[in-house]
Amino acid sequence: MNILLWHVHGSWTTSFVQGKHRYLIPVNDARDEWGRGRARTFDWPASAEELPLDRIVDADVAIVQRPEELDLVPRGVPVIYVEHNTPKGDVPDSRHPMAGRDDLVIAHVTDFNELMWDNGGTRTTVIEHGIVEPRARWTGELSRLAVVTNEPVRRQRVTGTDLFPRFAGVAPLDVFGMGVRGLDGVTAHDDPPQHEMHTQVARRRAYLHLCRWTSLGLSLIEAMQMGMPVIGLATTEAVVAVPPDAGVLDTRVSTLVEAAHWLLEDDAAARSLGARARQVALARYGLDRFLADWDRLLEEETCASR
């Protein structure tokens with residue numbers, strides 16, 4: 001199957017393009033948000049081909065992730081709209097931009113997202129994340145804490161940036177991701193290659209998930225599959241992804257700070273939580289299940305359009 005797909009979400013796309021299809025990725029000279037082409041910091045297979053949009057003429061289906069992409073999809077090509085994000089604005093009355101349509105299906109990445117968006121009668125489905133299992137394994141040898149997040153300087157309270165000092169007071173805090181330069185009181189690692197980031201994150205004692213309002217971060221799942229104990233806010237889909245024996249989740253920040261002290265001091269406890277986190281994440285967020293779910297949806301939508 002030939003699938004038209006813009007490079008919007010690097011981590012999610014890395015999993016998606018591991019399937020058995022041909023993935024047609026628009027590229028332009030500027031390599032901007034409408035033509036990034038192939039990823040440069042993720043490992044994508046050769047079946048993900050970058051082409052100028054006007055040369056993509058044989059797509060069987062389009063994966064759309066932004067409303068503006070709809071006008072760029074060739075006429076007659078069936079559309080699946082992937083919603084990566086929780087709604088913004090007047091929650092829980094936020095109306096999805098694809099609400100009230102009968103010409104596409106919305107694929108949410110978490111049940112929480114589907115619940116919180118007003119989909120307005122548009123057909124929906126949920127395909128939970130699945131990831132390429134990281135090669136790195138947790139060692140916890142460094143008495144430091146790790147956060148992986150994008151644009152914490154700009155997003156602030158959404159990413160829990162205001163909470164960083166609370167944990168930096170317990171142990172040195174390393175923040176990995178895009179747009180992390182300018183953070184005070186932490187060590188920032190700006191947009192490292194994914195495999196290098198995994199290796200470095202796995203050396204830290206625990207993983208912090210401090211997002212107040214976000215879809216389920218793939219970096220959280222990656223940390224769990226590496227065998228890291230998790231400390232995080234009990235918000236959005238995290239309460240489903242991290243069971244009590246795989247980490248410490250709470251809405252009381254002081255409880256999470258205490259958990260950081262505990263895991264820094266108790267190596268056996270950290271190892272036990274991390275082992276369970278890995279077991280859970282491999283079972284629920286494995287790549288094979290993710291690709292099988294997507295194959296079913298792709299087949300359904302392309303067959304229905306014939």
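In this predicted model, Leu4 of strand E1 stands opposite Leu24 in strand E2. The two strands, E1 covering residues 2–5 and E2 covering residues 22–26, run parallel and are joined by three bridges. Helix H10, residues 287–305, packs on the sheet and touches E1, E4, E5 (79–83), E6 (104–108) and E7. The direction of H10 makes about 145° with that of E5.

The sheet in question is open and has seven strands in the order E3-E2-E1-E4-E5-E6-E7, with parallel pairing. Strand E3 (48–51) and strand E7 (124–126) each have a single partner strand, so one side of each is left without a neighbour in the sheet. From one strand to the next, the twist averages 25°. Strands of a sheet pair through backbone hydrogen bonds, in either a parallel or an antiparallel manner.

Within this sheet, strand E5 merits closer attention. Three bridges join E4 to E5 in parallel, and five bridges join E5 to E6, also in parallel. Val79 takes part on both sides: Val79 in E5 is the bridge partner of Ala62, and Leu104 in E6 is the bridge partner of Val79. Five of the five residues of E5 are buried, so the strand is largely enclosed by the rest of the structure. Val79, Tyr81 and Glu83 point one way from E5, whereas Ile80 and Val82 point the other way, and all of these residues are buried.

The neighbouring strand E4 spans residues 61–64 and contains Val61. Because its relative accessibility is 0%, Val61 counts as buried. Beyond its neighbours within four places in sequence, Val61 is in contact with Met1, Asn2, Ile3 and Leu4, with Val77, Pro78 and Ile80, and with Leu298 and Thr302. The C-alpha atoms of Val61 and Pro74 lie 9.6 Å apart, with the two residues separated by 13 positions along the chain.

The loop between E5 and E6 holds His84. This residue is buried, with a relative accessible area of 9%. Leaving out residues up to four places away in sequence, His84 touches His9, Trp12, Gln65, Val109, Asn113 and Ser215.

A second open sheet comprises six strands in the order E10-E9-E8-E11-E12-E13, again with parallel pairing. At its edges stand strand E10 (187–190) and strand E13 (247–250); each has a single partner strand, so one side of each lacks a neighbour in the sheet. Neighbouring strands here are turned by 20° against each other on average, direction ignored. At the E10 edge, strand E9, residues 173–177, runs parallel to E10 and is joined to it by four bridges. One of the residues concerned is Gly177, whose bridge partner in E10 is Asp190.

Two helices can be followed around this second sheet. Helix H6, residues 218–225, lies across strand E8 (142–148), strand E11 (204–209) and strand E12 (230–233), and runs at about 150° to E11. H6 is mostly covered, with eight of its eight residues buried: Leu218, Ser219, Leu220, Ile221, Glu222, Ala223, Met224 and Gln225. Just after the helix, Gly227 takes a positive phi of about 95°.

Helix H5, residues 194–201, has as its buried residues Gln194, Met197, His198 and Val201. Seen down the axis of H5, these residues fall within an arc of 100°, so they line one face of the helix. The buried residues of H5 pack against E8, E9 and E11, and also against H6.

The description may now turn to the protein as a whole, which has ten helices and 13 strands. Its radius of gyration is 20 Å, close to the 19 Å given by the globule rule for 306 residues, so the protein is as compact as a globular protein of that length. Along the principal axes, the C-alpha trace spans about 60 × 40 × 35 Å. Of the 306 residues, 53% count as buried. Among contacts between residues at least 6 apart in sequence, 64% join residues at least 24 apart. The protein exposes about 13,600 Å², of which carbon and sulfur atoms supply 48%.

Methods
Residues numbered from 1 in each chain as written. Predicted model: local features only at pLDDT ≥ 70, side-chain atom pairs only at ≥ 80, totals over all residues. Heavy atoms only, no water. Buried < 20%, exposed > 50% of the residue type's maximum accessible area, 1.4 Å probe, protein only. Contact = heavy atoms within 4.5 Å. Pairing = 2+ DSSP bridges. Axes fitted to C-alpha atoms, helices over the stretch in contact; angles between N-to-C directions. Arc of directions from axis to C-beta. Rg over C-alpha atoms; globule rule 2.2 N^0.38 Å. Areas by Shrake-Rupley, 256 points an atom, 1.4 Å probe, with all protein chains shown as cover.
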